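Reader: I'm new to reading protein models and could use a walk-through. Can we take it one feature at a time?

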Amino acid sequence: MIARVVVDVAARQTDRPFDYRVPEEAEAWIEVGSRVAVPFGGRTVQGFVVGFAQEAEVEPGRLKPIGELLDPTPPLRPDLIELARWMADTYGCTWTAAMQAMIPAALKGKAERMVSLAQNPGAADHAEAAPGLSDALIAWLKRYGPVKLTTLLERFPDEAQAVSGALRRGVLAESAQVRDRLSVKKILTVFPPEDRAAAEAAAAAFPARLTKQRQALLHMLERNEPVPLRRLAEESGFSESIFRALADKGLLSIEAVEEDRDPYAGRRFTPTRPLPLTDAQAAAYRRIAEALESGKPAAMLLQGVTGSGKTEVYLQAIERCIASGRQAIVLVPEIALTPQMVERFKGRFGSDVAVMHSRLSLGERYDEWRKVRDGRVRVAIGARSAVFAPFERIGLIIIDEEHESSYKQEESPKYHARDAAVHRAGQHGAVVVLGSATPSLESFAAARLAPAAAAAESGGQADGPAARVCPGAALRSAEWLPLPERALGLPLPPVDIVDMREELAAGNRTMFSRRLREALTQRLERGEQTVLLLNRRGYSTFVMCRSCGYTAGCPHCEIALTYHQRSGVLRCHYCGHAERQPEECPACGSPHIRYFGTGTERVEEELYRAFPGIRVIRMDVDTTGTKGAHEKLLSAFGRREADVLLGTQMVAKGLDFPLVTLVGVIAADTSLHLPDFRAAERTFQLITQVAGRAGRHDLPGEVVVQTYSPDHYAIRAAQRHDYDGFVREELRARRLLSYPPFCRLALATLSHPELPKLAEAAERFAAALRGAAASAGLLKPLAGGSGAALELVGPAASPIPRLKDRYRWQVMIKYRGIVDAAGLIRQAAETLAGDRSAGDVQISVDVDPQVIL
DNA sequence: AGCACGCCGACT
DNA sequence: GTCGGCGTGCTC
């Protein structure tokens, strides 16, 4: 039997299956999805089995055997292997990178090169046989046996060459070992005797001096169930050695048993029952249930205003799904995966839920993942990567807050979880439910424009604007399920727009408008709480010398440094570079340094100044860096230990505190004027989301939005809670400028340490791309017509023109219809690489980029 | 990516 | 004459 293996080597050239002979004893165990260690080019690497064949594609002489099967149960399944292939094709990443993204980090073991002294019976001592190696090194190897090559070289850096020579001459022996980064946690557990009668008899016959052993045995006989050794010792008062002695006599058995690290151990979740549904909820639930029943893949857009009870629909749909013997996945944005959220799912489904997110430790994540793989749970809830939960028969995939850009992974593999979910649903005949109060324009297009386009097409008019929508890599169309009302019948809070230009004209130079100041004062008097949003961290956004105009920039990136007052440093938010705040201008020596722009740190300071005695909790990347900090801050706010929760967009999602009656947006313009075609969409979503935090319970809420652009349609529409109105305007703009959802984008970014070399490479790359597109007959304007079309934009400097000492240029592809964008970019990259002078140019691909910046 | 093979300068 | 520099090419 031949296994086709994709090895874990991050290179384009090796990203394909290699054939290996399967040893006979492994035949019964090896499957598509198995993880194996294989010899590859003179070393051992790990890889995944992606298929089998009767005959190898290379001559049998070159075939090597699989080294080792690394897991008793395959970590991947055939559907995930295929999904990884689809990701590689769609997003231009490697197959192996996509597969690596699907398994927990604990399994990403690398093969270690181990070194030891070769057995050399002829030589009197090793120093004689190994010239060049120091006595100290030889003694060390003798003492510690096979050691990692890297460890050896770290300890004896001067002898690297001698070691490599010794390895070549066979004086030192080398072996390879693939080791996981973590093993299953095992716990010593005492089992009751198999032969109870014999044990009782033995206990009766114990001599008097062994009273402790006798009593301990009787205790265990009474317990009569497996008990962890440590706990048994604690509860019985006998030491562990007493039980070990009994085990030595064969009266009890002690075994190491696998144990899960349960991140929610000891936490009690209040069980909840299904709530009665409103008419709209019931209608949505019915449609989802029907789709589940049919067993055919389907996508649904559940569009419900904040507080409309989307979660209850999810919960009941999941119940329906698991009752029919299938499993369900729930995706939520990472920052929304709060204890409040987990509680709702644990409360309904108890121990049937696995929770997967980045705040868990390596071991906890591994254990939650194993619960899924081993079929011990039927529901998985987690961030983006939970879309890869290794369930066997998926019935339902829910994507909550589907418009969130965090569903797109920003590092390779740059996949979009929404599209990966739709593809996976296709494999399983599952239903995807996209939930949001403010759906992305892509999902709106899939639910509202695509069906209209299909209808027009069947009516013979294939050329309308709706015919040109391209919602995503996998999402084509969806059924629309609206929830227009809040479940408790509460009104949405009124939104007040404050024109900050008028504040300035009236002589108010602070960052708080009179309206916001008054509202905040009122809340302080009444003992109610406030959420303040400012989408920018740090103290000030740029630092400028008033004498000469010098601005502090990052030496590695072409970007302004942000001043962080508490730590007294200027920091680059892109590469992390930090330097001390200057006392005087580094360019002209003038002491007149001014800090412009406002971040959360500065707002906090101003709050203390403007409202003496106010209690503020600031929540941003800087205050939530440590494990559990996020939850700690939120629960402190929940206990009324602060009057104001101030933060970046992480305060906008999913929070539900009954005493919050005021929400303030300090500067809506922060996100509105970014050079990104989604800036208006983001701003509308952010204001709508954060507004939804106010007045969710008995007390009515209100929202104050401060802006210098009070007439912008995104802000006006947010004020009216008017999603449809916003989308109408936004679609008009997108169509005019040819942006999603009327086309798709793929961004190729080239980088190089030297600008002239980069510029030249970028030109040649763009020319190669244009050539490839033209010969495929795709290069034609997007405006008008239908069918596949493609336009190139650039090459031009990237919005971040330099990052980590590399200049960056980009080429954007806009396209619609059936176009293999990732393939075209790869083709052009290969053309460029074939050219000798290309040098150190790196090319990265981002298909369906969510952030153009 | 690694690692071996292979062809040119500075040392035992 | 050998060691070792890193350019090119392959890994079942």
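Author: Sure, and keep in mind that this is a predicted model. Let's start with a pair of strands: strand 22 and strand 26 (residues 593-596) run antiparallel, and 4 bridges join them.

Reader: Which residue of strand 26 is the bridge partner of Cys545?

Author: That would be Ile593.

Reader: And how do I read the two faces of a strand?

Author: Here's the general idea: in a regular strand, side chains alternate between the two faces of the sheet. Now look at strand 22, residues 542-545. Val543 and Cys545 make up its covered face, while Phe542 and Met544 are on the uncovered one.

Reader: Okay, on to the DNA. Which residues are the closest to DNA strand C?

Author: Arg16, Asp19, Gly41, Arg62 and Lys64 are the closest, out of 14 residues that surround DNA strand C. By type, the residues of this surface split into 6 nonpolar, 4 polar and 4 charged.

Reader: Which strands supply at least two residues each to that surface?

Author: Strand 2 (18-21) and strand 3 (35-40) do. Strand 2 gives the largest share, with 3 residues.

Reader: What part of the DNA is the protein next to, sugar and phosphate or bases?

Author: A good habit is to look at the DNA atoms by group. Of the atoms of DNA strand C within 4 Å of the protein, 55% are sugar or phosphate, and the rest belong to bases. You can then find an example of each group:

- Base: an N or O atom in the side chain of Arg16 is 3.2 Å from a base nitrogen of DNA strand C.
- Phosphate: a phosphate oxygen of DNA strand C lies 3.3 Å from a polar side-chain atom of Tyr20.
- Sugar or linking oxygen: one such oxygen of DNA strand C is 3.1 Å from a polar backbone atom of Gly41.

Reader: Last one: Asn508. Where is that residue, and is it buried or exposed?

Author: Find the loop between helix 17 (500-505) and helix 18 (514-526), and you'll see Asn508 there. To judge burial, compare the relative accessible area with the cut-off: under 20% means buried. Asn508 has 12%, so this residue is buried.

Reader: What does the side chain of Asn508 make polar contacts with?

Author: There's a polar contact with the side chain of Glu503, at 2.8 Å. A polar atom of the Asn508 side chain also lies 2.9 Å from the backbone oxygen of Phe512. If you leave out residues up to four places away in sequence, Asn508 touches Glu503, Ser513 and Arg514.

Note on methods. Residues numbered from 1 in each chain as written. Chains lettered and ligands numbered in written order. Predicted model: local features only at pLDDT ≥ 70, side-chain atom pairs only at ≥ 80, totals over all residues. Heavy atoms only, no water. Near = heavy atom within 4 Å. Polar contact = N/O pair within 3.5 Å; in protein donor to acceptor, adjacent residues only side chain to side chain. Nonpolar A, V, L, I, M, F, W, Y, C, P; charged D, E, K, R; others polar. Buried < 20%, exposed > 50% of the residue type's maximum accessible area, 1.4 Å probe, protein only. Pairing = 2+ DSSP bridges. Contact = heavy atoms within 4.5 Å.
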